[in-house]
Each structure stands twice: as C-alpha cells, then as structure tokens.
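I opened this entry to record what I looked up in the model. The notes follow the order in which I checked things.

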Amino acid sequence: MCVEKTPWEQVVDFHGHTCPGIALGFRVAQIAQRELGLRPAPAAELLVKAETQSCALDAFQILNKATCGRGTLQIKEKGKHVYSFQYSGTDDLVRIALKGDLLARVAEPASFPGPRQRQNWVLETIQFILTCPEEDFCTLRRTPAVLYNDTAAPRWTTCSVCGEAVRTDHAVQTGEVFKCLTCAD
Ligand SMILES: [Zn+2]
Ligand SMILES: [Zn+2]
C-alpha cells in the first residue's frame, strides 16, 4: 500500500529535520499560495525572493516549486524574515514580513536540561507557529511591482589574474580586461 505523504511530511522529508524554521516557511508558503491562487498561465512560474537565508526556504522549494538552481528562488541577504512572491508575467506582488514578536517568541533558548526538553520545545514551537493568529504571524502587503527580471543568458569572460571563467556581470572591468571578484579583492 502506498500512502500519499502530507505536504508537511514532504517538506520535512526534503528539509532533513523538523525545526521551527521549516514551520515558518511552511506557513509563509501557504499564505502566499492562498493570496496568489492558481497560476495565471500554464507557463507562469512562482518566483520567490527571500531577504535572509534560513531553514524556511526549503518549504518554498517543495510547496511553491521555486528552486535556487532555476533561479526562481533568490536570496538577497538583508537579515530580514521577509519573503516576496509573484507569478512570472504578472505585476501582482505579495510581500510577507514575519513579526518581530513572533521571531523573539520562537528563538531557540541557549541551552536545555536535556534532549527530551529540547524535543518538546521544538514540537510546541512548531505548533505555535502553525496555529497562532495570522495577525501575530506576519504583515502582508500586496503591491503592483515586478519582483525581478533577469532572464538574459549570462555572458562569460576569463579573469586576467587567475584565468578562471567568470560571469561578466560579476567581474570588474578595466578597459578590455576583466578580474574576478576574488582576485579584485
Ligand atoms: Zn531546519
Ligand atoms: Zn580571478
């Protein structure tokens, strides 16, 4: 018998452990899906921009089918639990910012008396994240804007110092000569 995994089980399986961070991402992904609804065109892709690197991102890779490899999940590190979602080809942007009080409430204590206590804390915190009222969870803003539009194929050059291939938009150019950012430092 083959039992279909629940979305939560699929997300945790992919992520590799159960933690409050993946629960944050799970709830954000569901809110985004509810707001944006079904894809507006067969070719439309759900694009995600994350303003910090965290466990939450793996939920978007499973539930929203946005992946780092395809570039539909991009991380611009600003140290903020803020996530923007948009279907490609539209200008309907949903921006979800997690509340500061919530983040303080779910931050992991420095230590626990033992592993059982930590496990209990993880389960209670996940329960809280998934069930607290939405107004305590995040603020939601919906604006007409384009999330990102960098579909041009990358151009490659060779670093004049190390000889390694580097994308021109990530290299320092002096006249006709390029240096990669590692060598330019
Ligand atoms: Zn995690
Ligand atoms: Zn170089």
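**Cysteines and metal sites**

I began with the cysteine pairs, in what is a predicted model, and found 0 disulfides in the structure. I then checked Cys132, which is in no disulfide; the nearest cysteine sulfur belongs to Cys138 and is 8.7 Å away. A disulfide needs the two sulfur atoms within 2.5 Å, so that distance rules the pair out. I also looked up the accessibility of Cys132, and with a relative accessible area of 5% the residue is buried.

Next I looked at the zinc ion (ligand 1). Which protein donors does the zinc ion (ligand 1) have? I listed His15 (NE2), His17 (NE2), Cys19 (SG) and Cys55 (SG), lying 2.0 to 2.3 Å from the ion. The angles among the 4 donor atoms run from 95 to 130°, and the site is tetrahedral. Along the sequence I read the donor spacing as H-x1-H-x1-C-x35-C. I compared two of these donors for exposure: His17 is partly exposed at 41% relative accessible area, whereas Cys19 is buried at 9%.

I went on to the zinc ion (ligand 2). Its protein donors are Cys159 (SG), Cys162 (SG), Cys180 (SG) and Cys183 (SG), at 2.3 to 2.4 Å from the ion. The 4 donor atoms subtend angles of 101 to 118°, so the arrangement is tetrahedral. I noted the spacing C-x2-C-x17-C-x2-C along the chain. Are these donors buried or exposed? Cys180 is buried, with 9% relative accessibility. Cys162 is partly exposed at 35%, and Cys183 is partly exposed at 25%.

**Helix α5**

I measured out α5 in the model: the helix covers residues 115-131, has 17 residues and reaches 24 Å from its first C-alpha to its last, close to the 24 Å expected at 1.5 Å a residue. Its buried residues are Trp121, Val122, Thr125, Ile126 and Ile129. These residues sit on the same side of α5, because they cover an arc of only 130° around the axis. An α-helix has 3.6 residues a turn, so residues three or four places apart point the same way. On the other side of α5, I found Arg116, Glu124 and Thr131 exposed.

**Annotation**

Last, I checked the record. UniProt, in an unreviewed entry, places the feature "domain: Formylmethanofuran dehydrogenase subunit E" at residues 14-138. For that span I noted 43% helix and 18% strand, with the end C-alpha atoms 25 Å apart.

Notes. Residues are numbered from 1 along each chain as its sequence is written. Chains are lettered from A and ligands numbered from 1 in the order in which they are written. This is a predicted model: local features need pLDDT of at least 70, side-chain atom pairs count only at pLDDT 80 or more; totals for chains, interfaces and linings use all residues. Side-chain values use heavy atoms; hydrogens and water are left out. UniProt positions are given in the numbering used here, feature names are shortened, and annotations may be inferred rather than shown by experiment. Helices (H or I, at least four residues) and strands (E, at least two) are DSSP runs, numbered from the N terminus. Donors are N, O and S atoms within 2.8 Å of the metal (3.2 Å for Na, K and Ca); water is not among the atoms, so sites may look incomplete. Four donors count as tetrahedral if all angles lie between 85 and 135 degrees; four count as square planar and six as octahedral if opposite donors are over 155 degrees apart and all others between 65 and 115; anything else is irregular. Buried means under 20% relative accessible area, exposed over 50%, partly exposed in between (1.4 Å probe, protein chains only). The expected span of a helix is 1.5 Å times one less than its number of residues. The arc is that of the directions from the helix axis to the C-beta atoms.
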